[in-house]
Amino acid sequence: MKRFAFILAFLAAGLSLPAQEKPIIPERETVVVDNFTAVPNMTLGLYQYARQRVLEGLSRRRIDVIDVEEDGYGRADIVYPSLHFASANSGHPFDINRAVSVMNDYGQARWYMTVYIAKFHSHPVEHKSQDKDGKPVVHTDYSAELTADMYLYDADTQTTQGPFHWTHVYNGATNPEYAERYVISNLSDKARSFVSEFFRFKASVIQLGEYNKRGKLQDLYLSCGSDIDVSKGDVFFIYSVSDINGISTAKKLGKVKVKEVSGRESCHCSVSNGEADIDAAFKNGEMLVAVSDRDLYF
């Protein structure tokens, strides 16, 4: 994501204007998802299930996803198994030439993504005990482990980020099939969490809301909504941003939580903390930037 560029450009364009007159409207990023690769001991069916689960997690919010396989852009020689592919790249599962080639055909996108399932196995686990007569009893269940390495290529900066490691272990299954599908299914949550962490976005405080009986600010409105898949319960940190001699600085003021998505580019938030500072800064005409999730402005 153009993480700070559009905010810095806005600052340079006119700091003399109150932030409320020129709100930051966040834009969705587009991510091109290439074929995955996997260790050879993974069956084709489970490999396909793993890719499906990752795509489901990615597609739930904030970004637009392009699946190259839907466009017939697959490469059968590297999809499954991946032993030959990894060997051809000196053991490294990410092929920069492939990434550049794919992104040349998707000019509207900035991000390329692929996943290498680096570890996948299940095994029986014996649990020994004794019955009430002191006779040995052996109970067997199954464990499974999966490690996936996700890589991103940024077409704008021509840089690679990753691997981002996703690992999950499951113990105590009654059969190996259940354990294997369970750890694969978890990939959807891993992908969804990654989107929330990596593709954070910024918006403006556009309006203050109600005050309680003690004059304490209770809620406010931000310039982001359904267009960027804002949801009830989403958290934002509020910063006061200023420019001194061309150097941008930010001061953290407080935290808000979405209580209602009120439009395509607006949401209604309750103020969790920093009420007095946010209230004063807004009324003083300062530029207030809301940063999604647990981001830090710098």
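Two strands count as paired if DSSP finds at least two bridges between them. In this predicted model, strands β5 and β6 run antiparallel and are joined by 11 bridges. One of the residues involved is D149, whose bridge partner in β6 is H165. Four residues lie between the two strands of this hairpin.

Q158 is in the loop between β5 and β6. Its phi is near 55 degrees, a positive value in a residue other than glycine. Q158 is exposed, because its relative accessible area is 62% and the cut-off for exposed is over 50%. Past the turn, β6 holds a second backbone feature: the peptide bond between G162 and P163 is cis, with omega at about 5 degrees. P163 itself is placed in strand β6. Most residues other than glycine have a negative phi, and most peptide bonds are trans. A further exception is D229, which is not a glycine but has a positive phi of about 65 degrees. D229 belongs to the loop between β8 (219-222) and β9. With 22% relative accessibility, D229 counts as partly exposed.

The hairpin strands also contribute to the interior. The largest nonpolar core consists of 37 residues, and those with the most contacts inside it are M42, F120, L146, W166 and I184. Two or more residues come from each of β1 (29-33), α2, β4 (111-130), β5 (136-154), β6 (159-173), α6 (176-185) and α7 (187-198). Of these, α2 gives the most, with seven residues. In soluble globular proteins, nonpolar side chains tend to be buried together.

Helix α2 covers residues 44-58, 15 residues in total, and spans 21 Å from its first C-alpha to its last, close to the 21 Å expected at 1.5 Å a residue. Its buried residues are L46, Y47, Y49, A50, R51, R53, V54, L55, G57 and L58. An α-helix has 3.6 residues a turn, so residues three or four places apart point the same way. Y49 also takes part in a contact with a charge: the charged end of R181 sits over its ring, 4.0 Å from the centre. Elsewhere, K252 lies over the face of F237, at 3.7 Å from the ring centre.

What does W166 touch? Leaving aside residues up to four places away in sequence, W166 is in contact with V54, V115, L146, T147, A148, M150, L187, K190, A191 and F194. V54 is one of the buried residues of α2, and L146 is, like W166, among the residues with the most contacts inside the core.

W166 is also part of a cluster in which ring pairs link W111, F164, W166, F194, F198 and F199. The structure as a whole holds 14 aromatic pairs. In one of them, F194 and F199 meet edge-to-face, 6.4 Å centre to centre with 85 degrees between the planes. F194 is buried, at 9% relative accessible area, and F199 is buried at 2%. Another pair is formed by F201 and F236: their ring centres are 5.6 Å apart and their planes stand at 70 degrees, so this pair is edge-to-face. F201 lies in the loop between α7 and β7 (202-208) and F236 in strand β9 (residues 235-244), so that the pair links distant parts of the chain, 35 residues apart. Both rings belong to buried residues, F201 and F236.

Helix α7 also holds S196 and E197. Is each of these two buried or partly exposed? S196 counts as buried, since its relative accessibility is 14% and buried means under 20%. E197 has a relative accessible area of 28% and is therefore partly exposed. S196 touches R61, R62 and D293, not counting residues up to four places away in sequence. E197 and S292 are 95 residues apart along the chain, yet their C-alpha atoms are separated by 8.9 Å.

A further long-range approach involves K22, in the loop between α1 (5-13) and β1. K22 is partly exposed, at 30% relative accessibility. Its C-alpha atom and that of S204 are separated by 8.5 Å, while the two residues are 182 places apart along the chain.

Terms used. Residues numbered from 1 in each chain as written. Predicted model: local features only at pLDDT ≥ 70, side-chain atom pairs only at ≥ 80, totals over all residues. Heavy atoms only, no water. Expected span 1.5 Å × (residues − 1). Buried < 20%, exposed > 50% of the residue type's maximum accessible area, 1.4 Å probe, protein only. Core = buried A, V, L, I, M, F, W, Y, C linked by side-chain atoms within 4.5 Å. Contact = heavy atoms within 4.5 Å. Phe/Tyr/Trp six-rings, centres within 6.5 Å; stacked < 30°, edge-to-face > 60°. Lys NZ or Arg CZ within 6 Å of the ring centre and 35° of its normal.
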